[in-house]
Amino acid sequence: MSNLDILSRDFWKDNRRFADLFNTVLYDGKQVILPEKLMEADSNLSGSIQTKKKEDVFVERRADLIRKFAGDSEYAIFLLENQSHIHYGMPLRVMMYDALGYREECAKKKRENKTNAVYANRDEFLSGMRKEERIHPVFTLVVYYGEKPWDGPRRLKDMMVDMPKWMEKSFSDYSMNLLEIRSSEHAFQNEDVSRLVYMIQHIYRKQIEEMKKECADVYVKKDVIKQAGAITENEEIIRYAEEHKEEEVLNMCEATKQWEEKIRNDVINMMGVRKEGEENLAPEEAIERLKLKEKIEGEAKGKAEGILEGKVKGKAEEKMEIAEKMKAEGFDSALIEKLTGILLH
């Protein structure tokens, strides 16, 4: 199990976070799943399936996290599946997870019936289940943490070859519940979940200036910081959290300061003004060197062309080229404008 899998499982073990996640994504924010009524359930869905030849085929599967909820119904089962990469067979995978959950409950009832010999007729005996017996619904939610947009199938039909209309009518589809954090617009009510989504989205978009304005005095729990760092593969943020082991809450902006410095260094390197062997260079100094470089090159180009417009054009073109490169790399627009002087709006 990877470090991200462990952190994700531990993060969502908190029933308040788990309930808010499912309430928001599946039930439009209605507080139908109550944290205090969530119960732990066995995450091992492994079991054997008997073929017509009476051969047992063992299917191994352990869910990331499962909770039972006894609300309006006897109880329902909620299963969380963490996904850091796009899986192009995910609807089928989810369908199998749900089926294994249903199969295990049916197998349990069969074992109990066989022991108690409570069959009313031959049909119940052959089925292993009594006519009035019912099983409990399973709801699986896939949480996708990746930076790339999810371009995989979202239901079983998306995995199929093209079917004519008459065939589609009789096709049994299977949709999956998917939360794509990078683009989520859900209004989570749990503060930890809301902060986690905020950090992931702003880190992926490199929205440094926006985070500094909005989160200067925002403190979040340390496991939220670590989770955001692990999901975005941000070593600077993870290191910051580990360096503050004794603190329960951390300032969001302070946690991202080392990452911000790395982004600025990447920008400075892109400018091409760092001297050989030079490790540290302040952004202000980098801008001054870029201006000097533009002035010298612009003057040289102006002399070669014999017109003043050539110098001005040379400066503008180089600035625009740097701005376009930064934009293609996903840098925040405010940061690009501040470092290059090019207005993007």
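Here is a chat about a predicted model of one protein chain, and about what lies behind the words used for it.

Colleague: Let's start broad. How many helices and strands are there in the protein chain?

Modeller: There are 14 helices and nine strands. The chain has 345 residues, and buried ones make up 43% of them.

Colleague: What makes a residue like Arg17 "buried"?

Modeller: Buried means under 20% relative accessible area. Arg17 has 3%, so it is called buried.

Colleague: Arg17 sits in helix α2, right? How do you know that α2 is largely enclosed by the rest of the structure?

Modeller: Look at its residues: nine of the 12 are buried, so the helix is largely enclosed. Among them are Phe18, Leu21, Phe22 and Val25, along with Arg17.

Colleague: And how do you know that the span of α2 agrees with what a helix should have?

Modeller: Count 1.5 Å for each residue, but use one less than the number of residues. For the 12 residues of α2 (residues 15–26) that gives 16 Å, and the end C-alpha atoms are 16 Å apart, so the two agree.

Colleague: What caps the N-terminal end of α2?

Modeller: Asp14 does, with a side-chain oxygen 2.8 Å from the backbone nitrogen of Arg16. Just after the helix comes Asp28, with a positive phi of about 55 degrees.

Colleague: Is Asp28 buried or exposed?

Modeller: Exposed means over 50%. Asp28 has a relative accessible area of 70%, so exposed is the word for it. Asp28 is found in the loop between α2 and β1.

Colleague: What about Lys206, which also has a positive phi? Why is Lys206 called buried?

Modeller: Its relative accessibility is 16%, which is under the 20% cut-off, so Lys206 counts as buried. Lys206 lies in the loop between α6 and α7, and its phi is about 55 degrees although it is not a glycine.

Colleague: Back to Arg17. Why is its pairing with Asp192 called a salt bridge?

Modeller: The side-chain nitrogen of a Lys or Arg has to be within 4 Å of a carboxyl oxygen of Asp or Glu. Here the closest N and O atoms are 3.0 Å apart, so the pair passes. Arg17 is in helix α2 and Asp192 in helix α6, so the salt bridge ties together parts that are 175 residues apart in sequence.

Colleague: What makes this part of a network?

Modeller: Asp192 also forms a salt bridge with Lys221, with the closest N and O atoms 3.2 Å apart. Lys221 lies in strand β8, so that pair ties together parts 29 residues apart in sequence. Through shared partners, salt bridges join Arg17, Asp192, Lys221 and Asp223 into one network.

Colleague: Why is Lys221 called partly exposed?

Modeller: Partly exposed is what falls between the 20% and 50% cut-offs. Lys221 has 33%, so the label fits. Val220, also found in β8, counts as buried because its relative accessibility is 4%.

Colleague: Which residues is Val220 in contact with, leaving aside neighbours within four places in sequence?

Modeller: Arg195, Ile225, Glu248, Val249, Leu250 and Met252. Arg195 is 25 residues away along the chain, with 7.4 Å between the two C-alpha atoms.

Colleague: One last thing. Which residues form a nonpolar patch on the surface?

Modeller: Leu92, Met96, Met159 and Met160, with about 310 Å² of accessible area together. A patch residue needs over 30% relative accessible area. Met160 has 34%, so it clears that mark.

Key. Residues numbered from 1 in each chain as written. Predicted model: local features only at pLDDT ≥ 70, side-chain atom pairs only at ≥ 80, totals over all residues. Heavy atoms only, no water. Patch = residues over 30% accessible without salt bridge, like charges linked within 9 Å, V, L, I, M, F, W, Y side chains within 5 Å. Areas by Shrake-Rupley, 256 points an atom, 1.4 Å probe, with all protein chains shown as cover. Buried < 20%, exposed > 50% of the residue type's maximum accessible area, 1.4 Å probe, protein only. Helix = DSSP H or I, 4+ residues; strand = E, 2+ residues; numbered from the N terminus. Polar contact = N/O pair within 3.5 Å; in protein donor to acceptor, adjacent residues only side chain to side chain. Contact = heavy atoms within 4.5 Å.
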